[in-house]
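Please open the structure in your viewer and keep the selection panel at hand. The tour below goes from stop to stop, saying what to select and what is there.

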Amino acid sequence: MSNKTIIPIGPYHPLQEEPELFKLYCDGEIVRDIKWETGYNHRSIEKLSESKTYDQVFFLVERICGICSTSHPFAFANAVEEIGNIEITDRAKYIRSIIGELERIHSHLLWVGLAGHFLGYNTVFMWAWKYREPVLDLFEMITGNRNSYAMFKVGGVRRDIENVKISIIRKNLIDIWKKTDLLAGAVMDDPVIHARTKGVGILTRQDIIDYAAVGPTARASGVAIDVRKDDPYAAYPLVNWKVITAQAGDVFAKAEVRLLEMYESISIIEQCLDGLERTKEGDITVRVKEIPEGMGTGRAEAPRGEVFHFVVSDGSNSPARHKIRAPSYVNIATFKKSCVGQTIADATISLAAVDPCYCCTERMAVAYDINSGKKIMNANELINCSIMRTAEMKKNKINH
Amino acid sequence: MGLARGELIKDTRRKIKDDVTGNEERETRKMDTKVLIEKLKENFKSGILEVVIKNDRRIIISVSPDLILNVAEYLYKTAGLRFIIASALHTKKGFEIHYHFSMDSFGLVLNIHVILDKVNPQIESLSNMFNASNWIEREMHELFGINFLNHPNQEKLISEGNWAEGVYPYRKEFK
């Protein structure tokens with residue numbers, strides 16, 4: 001290891017604008033090993049969650065990730081409703097699925113754009129993000145927010161989609177479909193993208209099983225797992241759709257799966273809108289008295305894969321333990337397989353191929369000493385730590 | 001390559017229509033949940049302490065901690081279950097770990113539950129069998145102070161180098 005060159009990506013990712021540190025151990029152009037350093041983003045969400053009431057936790061978990069901000073409330077709602085044995089109304093199910101699928105479209109468009117950006121193909125980046133805007137506008141119309149929609153609560157959703165808005169949503173969807181179709185056609189037909197992504201960062205079926213990877217990463221390697229189909233929740237068992245898979249396992253296959261999933265998402269939303277027309281306006285919530293003692297498991301398929309929430313309730317109004325597993329937590333570990341043996345130039349796109357979300361992976365802030373109950377570290381001390389760390393790193397660098 | 005743009009969009013749409021590979025595979029992976037529990041009982045007899053069937057998609061099985069390696073091996077290799085994650089809990093009984101396994105063809109989440117010692121919590125690591133448990137075991141070691149025996153690399157995951165030794169932030173105090 002010692003005679004290899006270390007190429008750092010981070011502590012602040014130059015393209016993804018998130019804090020992480022990859023150390024690529026290179027031998028000439030070839031990456032021989034990779035190490036990941038984390039903790040820059042840890043906010044102790046799991047611990048904080050124990051101090052919040054069930055209603056407040058939704059706003060907390062919504063802020064785990066800015067891009068897939070609905071997937072965590074979705075999984076948490078599933079977990080709490082399992083503890084309380086709560087069956088929500090059909091209209092609430094349809095609204096939840098609409099929000100989930102719209103989010104998938106904008107998240108996948110964001111990824112396609114970023115992937116283009118990583119390849120130095122900024123036209124794709126500009127186009128994809130331009131086409132993502134109408135989706136966010138649609139969100140603003142439905143929920144009042146372009147991101148962090150605050151739509152979920154135990155027993156239903158907070159806001160209704162009025163029936164008068166349905167025709168406007170449909171019109172916008174057709175528009176989004178046309179643009180997505182144009183982009184998907186252009187991306188999948190582009191010789192530059194073919195050359196840069198085919199046969200790059202391959203994950204085999206066995207790698208997926210070994211690292212328990214989920215979502216489009218797994219589906220691109222032919223492992224057909226999708227929580228929406230396997231463990232149906234919300235309106236997904238009520239509508240007709242297909243799980244998209246590809247067999248190659250390279251970056252192109254991952255792009256293909258994501259692009260094709262957007263078509264499915266649009267089809268799901270259209271069927272959910274039909275469902276809204278069949279149900280009574282305003283019937284979006286059921287009364288929830290209290291959450292009994294027990295354990296609940298909630299799963300939801302985020303754009304990046306399966307989100308897993310495990311909630312233990314002791315009968316009080318806040319969770320006794322709340323475990324969160326974001327999809328990137330298992331997907332990022334696969335870098336050891338997808339990047340090693342590749343050139344440095346290919347490593348960047350391989351690292352981006354699983355659509356990593358660093359804030360999801362970490363989740364933590366203030367810690368208390370168990371014996372005295374005193375704060376061990378406050379913000380200033382953390383800043384001092386950071387200054388000391390930088391000084392230490394500088395010193396080490398000089399010694400080398 | 002090679003297709004004109006209009007052709008490719010048509011091709012894309014056709015692909016969506018024809019893509020049923022996932023659904024076919026789904027059928028072949030089936031193993032009944034009841035059969036699975038029977039087999040576990042048959043193989044591990046008194047090691048299985050308790051089976052709680054909440055509903056047909058959520059099952060919690062308490063096992064004795066010294067059997068965890070064998071049980072996990074059976075679930076992963078023979079029954080083909082996917083390891084999702086493990087959750088550690090600090091309760092009055094001591095340290096508890098729920099190992100969550102998923103049987104995707106049934107939507108089943110199988111929790112393998114173990115209770116560890118209050119003072120010196122330790123259990124065999126699963127990371128030599130599958131890589132998926134590597135990070136979460138490091139995390140549990142860091143936050144709860146649970147020791148994983150034979151772990152390939154039990155370093156800190158989240159607060160590498162910045163945290164006091166022997167202080168475990170997620171532990172609780174019971175009166």
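With 8 C-beta neighbours inside 10 Å, does Lys45(B) count as buried or exposed, and why? Keep in mind while looking that this is a predicted model. Select Lys45(B): a residue counts as exposed if 12 or fewer other C-beta atoms lie within 10 Å of its own, and because Lys45(B) has 8 such neighbours, it counts as exposed. Lys45(B) sits in the loop between helix 3 and strand 1 (48-55) of chain B, and it has a positive phi of about 35 degrees although it is not a glycine. For background, most residues other than glycine have a negative phi.

Next, step back to helix 3 (residues 33-44) of chain B, since Lys45(B) comes just after this helix. The 12 residues of helix 3 should span 16 Å at 1.5 Å a residue, and because its end C-alpha atoms are 17 Å apart, the expectation and the model agree.

Now move on to strand 3 (residues 82-91) of chain B and strand 4 of chain B, which run antiparallel and are joined by nine bridges. A hairpin of two residues connects strand 3 of chain B to strand 4 of chain B, and if you select Ala88(B), you will find it opposite Ile97(B) in strand 4 of chain B. Strand 4 (residues 94-103) of chain B is mostly covered, with eight of its 10 residues buried.

From strand 4 of chain B, continue to strand 5 (residues 108-116) of chain B, with which strand 4 pairs in the antiparallel sense over nine bridges. Select His98(B) together with His113(B), its bridge partner in strand 5 of chain B. The hairpin of these strands has four residues between them, and there Gly107(B) takes a positive phi near 70 degrees.

Turn then to chain A and select Ala150(A), which lies in the loop between helix 5 (122-143) and strand 4 (152-153) of chain A. Ala150(A) is not a glycine, yet it has a positive phi of about 55 degrees; because it has 17 C-beta neighbours inside 10 Å, it counts as partly exposed.

The last stop is the largest nonpolar core, which has 154 residues, and in which Val80(A), Val112(A), Val187(A) and Leu110(B) touch the most other members. Helix 11 (residues 251-278) of chain A gives the largest share of this core, 14 residues. Finish by selecting Val112(A), whose contacts, leaving aside residues up to four places away in sequence, include Val124(A), Ala128(A), Leu183(A), Val187(A) and Leu259(A).

Definitions and conventions:
Residues numbered from 1 in each chain as written. Chains lettered and ligands numbered in written order. Predicted model: local features only at pLDDT ≥ 70, side-chain atom pairs only at ≥ 80, totals over all residues. Buried ≥ 20, exposed ≤ 12 C-beta atoms within 10 Å, placed from the backbone. Pairing = 2+ DSSP bridges. Expected span 1.5 Å × (residues − 1). Core = buried A, V, L, I, M, F, W, Y, C linked by C-beta atoms within 7 Å. Contact = placed C-beta atoms within 7 Å.
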